[in-house]
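Thanks for coming, everyone. I have one model to walk through today. Have a look at it first, and then we start.

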Amino acid sequence: MGLPSGAYLEVLPKDSLEGFKLLYYLAKAGRVSEELVTGKGEIGFSVGESFIEVIGQVYAQEIERLLRRGIHKRYLPKQRATNHVKGQLQVTKQLARQEPFATSFESQYDELTADIPLNQLILFAAVELAEEVREPTVEDRLRRQIGDLQQIVTLPLTPPHPSEVTLTRETQGYEPLVKLAEQILNENYIDTFGQQTKLLESLLINTETLFEEVVYSIVADVVHGSRYIPEGDGDPESEADSDIGHLLRDESGDGIQGMQPDIFLRDRGTPVWIADAKWKETDSPARNDLYQVTSYQRKVGGDSVIFYPEQGGDLETVYGLSNDEHDTREDSELRIVEIPLGGDSYEEFEREARGKVREAIQAQLPEL
């Protein structure tokens with residue numbers, strides 16, 4: 001990235017796995033817009049042009065993503081004259097404002113609307129940004145998004161106060177836009193690069209968690225529309241504990257040590273398939289990983305998979321799970337599968353990763 005000072009900023013992942021495409025993984029996990037990695041054009045500008053153009057491009061893409069996903073609405077109380085009684089009739093106002101033979105009614109009711117502080121903040125920041133952008137294509141794109149938003153959201157005279165904009169579980173998808181909006185309104189995108197005393201910070205991404213989210217997303221894609229419902233710790237959108245039961249019970253009969261795989265599938269409410277995602281560079285499956293997943297597997301009584309990042313196919317194998325040391329019947333299996341680290345394009349990465357996951361699941365759940 002070319003910075004306004006003329007210097008270049010290069011991001012190098014702190015990881016030894018060759019071919020790892022961090023942006024592909026961030027996009028598949030839903031942490032950045034897929035347009036950042038699938039678009040034919042590059043998001044970037046030559047040295048000397050304002051960094052604000054980059055902000056404008058990214059902000060416009062995030063608004064498009066929000067509108068495609070569906071803008072958040074909520075019920076707000078309204079008080080106005082209506083042609084018929086709507087909600088509750090405000091008797092005092094009705095008697096004070098209307099003639100004896102009134103043709104309208106002073107109503108108080110709740111209305112589902114997108115005209116809320118959260119959306120007003122996004123719109124206000126977009127208008128402010130469009131005034132500063134000089135690149136015609138970026139400005140036009142922002143203006144189109146502003147026009148779409150103004151069809152359902154009113155532009156306030158001043159931006160909503162931060163106390164009015166609180167993200168909930170239902171509005172977590174707004175987080176990137178809200179952060180960008182705050183930077184735009186504070187003009188930090190300009191000031192930061194002018195402060196020579198400000199230290200550059202490292203951005204650390206937990207690749208173990210990211211890998212779990214990517215594998216969960218791919219499994220969810222593969223089973224979408226089938227009888228199987230995906231759950232697990234790897235679901236980035238779920239805050240609830242997803243478990244398959246407890247490992248032990250105490251003397252009173254209460255379960256202890258909840259078992260929470262990264263991914264599992266339910267069939268009519270019953271867990272039938274287990275998987276865990278392990279971000280490790282290793283010569284063979286780790287003993288602790290095998291112990292952990294086979295414990296899950298014995299609880300469920302079905303097949304399972306451990307997903308590792310791609311390492312040349314050396315890890316991929318199939319184990320039979322025996323009941324005990326005297327019984328070697330392979331009643332169920334444990335597969336080791338490697339997930340691609342990247343590809344020549346995001347589409348190729350996604351296609352190959354989905355193919356590996358689909359092959360593994362169909363081998364164990366043929367009816368998928």
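**One tryptophan, then outwards**

Start at Trp273. Leaving out residues up to four places away in sequence, Trp273 touches Val219, Ile263, Phe264, Leu265, Val300, Asp303, Val305, Phe307, Ile361, Gln364 and Leu365. Keep in mind that this is a predicted model.

Now the core around that residue. Which members of the largest nonpolar core touch the most other members? They are Tyr25, Trp273, Phe307 and Ile361, out of 37 residues in that core. Several elements give two or more residues to this core: α1 (22–28), α9, β7 (263–267), β8 (270–277), β9 (303–309), β11 (332–339) and α11 (346–364). The top contributor is α9, with nine residues. Apart from this core lies another one, of 31 residues. Ile116, Ala125, Ala130 and Ile184 are among its members.

Next, helix α9 itself. It covers residues 207–223. Is α9 mostly covered or mostly open? Mostly covered: 13 of its 17 residues are buried. The length checks out too. At 1.5 Å a residue, 17 residues should span 24 Å, and the end C-alpha atoms of α9 are 24 Å apart, so the two agree. Look at the start of α9. There, a side-chain oxygen of Asn206 comes to within 3.0 Å of the backbone nitrogen of Glu208. Just after the helix, Gly225 has a positive phi of about 85 degrees.

On to the sheet. It is open, with six strands. The order is β4-β7-β8-β9-β11-β10, and the pairing is mixed. Which strands stand at the edges? They are β4 (228–231) and β10 (317–321). Each has a single partner strand, so one side of each is left without a neighbour in the sheet. On average, neighbouring strands are turned by 20 degrees against each other, direction ignored.

Take the β4 edge. β4 and β7 run antiparallel, joined by four bridges. Tyr228 stands opposite Asp267 in β7. A helix also packs on this sheet: α10, residues 287–300. α10 touches β8, β9, β10 and β11. Its direction makes about 170 degrees with that of β8.

Last, the whole chain. The protein chain has eleven helices and eleven strands. Of its 368 residues, 40% count as buried. What share of contacts between residues at least 6 apart in sequence join residues at least 24 apart? The figure is 68%.

That's the tour. Over to you.

Notes. Residues are numbered from 1 along each chain as its sequence is written. This is a predicted model: local features need pLDDT of at least 70, side-chain atom pairs count only at pLDDT 80 or more; totals for chains, interfaces and linings use all residues. Side-chain values use heavy atoms; hydrogens and water are left out. The expected span of a helix is 1.5 Å times one less than its number of residues. Buried means under 20% relative accessible area, exposed over 50%, partly exposed in between (1.4 Å probe, protein chains only). A polar contact is a pair of N or O atoms within 3.5 Å; within protein, one must be able to donate a hydrogen and the other to accept it, and residues adjacent in sequence count only if both atoms are side-chain atoms. A nonpolar core is a set of buried Ala, Val, Leu, Ile, Met, Phe, Trp, Tyr and Cys residues joined through side-chain atoms within 4.5 Å. Contact means heavy atoms within 4.5 Å. Two strands pair if DSSP finds at least two bridges between them. Axes are lines fitted to C-alpha atoms, for helices over the stretch in contact, and angles run from 0 to 180 degrees between N-to-C directions.
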